[in-house]
Amino acid sequence: MDPYDILIRGSGIVGRSLALQLGSQGLRVALLGEGEPRPLRSEDVRAYALNAASVGLLRQLKVWDALPEDARSPVHDMRIRGDADGALLGFSAWQQGVSELAFIVDAGELERQLAQALRFAPRVDLVSQAVPARLEALCEGRESRRRAELGVAFVPQAYGHRAIAARLTASVPHQGVAHQWFRSPDVLALLPFDRPQPAASYGLVWSLPEARAQELLALPVEAFEAALTDATGGAAGELRLAGERQSWPLALARADVVSGPGWVLLGDAAHLVHPLAGQGLNLGLADVRALSQVIAGKESWRSPGDARLLRRYERSRALPTLAMGELTDGLLKLFASEAAPVRRLRNEGLQWLDRAAPLKRWLTARALGQ
């Protein structure tokens, strides 16, 4: 039997999206991982902010429009606050001439819809063990075992911070407004969402130093909600937990190489960034677009696993992933500093940027993936 064109290791959002995309290009694809969609779990609090480019890819894959309406909530405005009075930066979809700045998407529902789409993908086979293929695409996440077997260096630089995630309900409608607070030493984001309460829910992502995060995780529900109200100053109304709190340690990492003869890395197997900009999954889906474009444009005599071909992919992704890693790392360090001059500089910077319309438009275009 002829080998597959592509073996994809990992059946998360990035791996499933890659399988659908390459299968639609006429390639014979084997997807190694969970085949059947997992039942939605009430304790799954993951919610992702997807930019226009990522939404475009999912729409092309016939997945986006299959999502329930309450599983994809548009963000029309974003309000970013510093740690001084008046330090506010606002972004508006209307002012930027776009219909929305981003969509907040239920991760579990997106995984299910991708799995459903794969059941009708004629050139994609779900396999339970590795099979011969001309190219191995590693989408196994940050703990990729195969990446380690290939000898690729991937050393996370721990921030000493932990992210707390949860689903919240609010006493007032969110009106499509996302909120973010940058304060030494934590970063708190409220992502407008429609589950479990339509028009009045949020996804919480709160990054704090490890010790403080553990303290908050150990608090009873009422005490945690009180801490949340204090941290947000009531800007989003009265907030209540709508489920369990989950957490994970934060780190910055990039693989020293992301491709070689017959193999390539995508998503968290290739790079980790701080979630403060909400760009982790967008980077992974951008990897999918880039690799599929490189393979679609290859010379007829080249194999998908050709090392020179894969270096084209590596070059195309080097600057965007490096830039996002440096940006998120720099912002975290800037706003974590407790030095008075740095504090004054960052808060004045937010105010200045809020008045710099051309620069705001440029930043919005980059965040949209344009």
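Select Arg167 first; its place is in strand E10 (residues 157-170). Helices (H or I, at least four residues) and strands (E, at least two) are DSSP runs, numbered from the N terminus. The model is a predicted one, in which local features need pLDDT of at least 70 and side-chain atom pairs count only at pLDDT 80 or more, while totals for chains, interfaces and linings use all residues. Residues are numbered from 1 along each chain as its sequence is written, and side-chain values use heavy atoms, with hydrogens and water left out.

**Around Arg167**

Arg167 has 8% relative accessibility and therefore counts as buried. Buried means under 20% relative accessible area, exposed over 50%, and partly exposed in between (1.4 Å probe, protein chains only). Now add Val45: its C-alpha atom is separated from that of Arg167 by 5.9 Å, although the two residues are 122 residues apart along the chain. Contact means heavy atoms within 4.5 Å. Leaving aside neighbours within four places in sequence, Arg167 is in contact with Asp44, Val45, Arg46, Ala47, Asp106, Phe193, Arg195, Tyr202, Arg240, Leu241, Ala242 and Gly243.

**The whole chain**

Zoom out to the protein chain, which has 11 helices and 18 strands. Buried residues make up 52% of its 370 residues. Of the contacts with a separation of 6 or more, 74% are between residues 24 or more positions apart.

**Helix H8 and its partners**

Select helix H8 (residues 280-296). Of the 17 residues of H8, 13 are buried, so this helix is largely enclosed by the rest of the structure. The expected span of a helix is 1.5 Å times one less than its number of residues. For H8 that gives 24 Å, and its end C-alpha atoms are 25 Å apart, which agrees.

Add helix H1 (residues 13-24), which packs on H8 at an angle of about 25° with the axes 10 Å apart. Axes are lines fitted to C-alpha atoms, for helices over the stretch in contact, and angles run from 0 to 180 degrees between N-to-C directions. H1 and H8 are therefore roughly parallel to each other. Angles under 35 degrees count as roughly parallel, over 145 as roughly antiparallel, 65 to 115 as roughly perpendicular and the rest as oblique. On the H1 side, the residues to show are Ile13, Val14, Ser17, Leu18, Gln21 and Leu22; they meet Leu281, Gly284, Leu285, Val288, Leu291, Ser292 and Ile295 in H8. By class, this contact has 9 nonpolar, 4 polar and no charged residues.

Next add helix H2 (residues 52-60), whose axis lies 9 Å from that of H8 at an angle of about 50°. H2 and H8 are therefore oblique to each other. Ala53, Ser54 and Leu57 in H2 meet Asn282, Leu285, Val288 and Arg289 in H8.

**Helix H4**

Move to helix H4 (residues 107-118). This helix is mostly covered, with 10 of its 12 residues buried. Among the buried residues are Leu110, Leu114 and Leu118. Their cover includes H1, H2, strand E2 (29-32), strand E3 (47-50), strand E7 (102-106) and strand E8 (124-127).

**Val258**

End at Val258, in the loop between strand E15 (246-254) and strand E16 (259-260). Val258 is buried, with a relative accessible area of 13%. Its C-alpha atom is separated by 8.9 Å from that of Tyr313, 55 residues away along the chain. Not counting residues up to four places away in sequence, Val258 touches Trp263, Val264, Leu265, Ala270, Tyr313 and Glu314.

Note on methods. Nonpolar A, V, L, I, M, F, W, Y, C, P; charged D, E, K, R; others polar.
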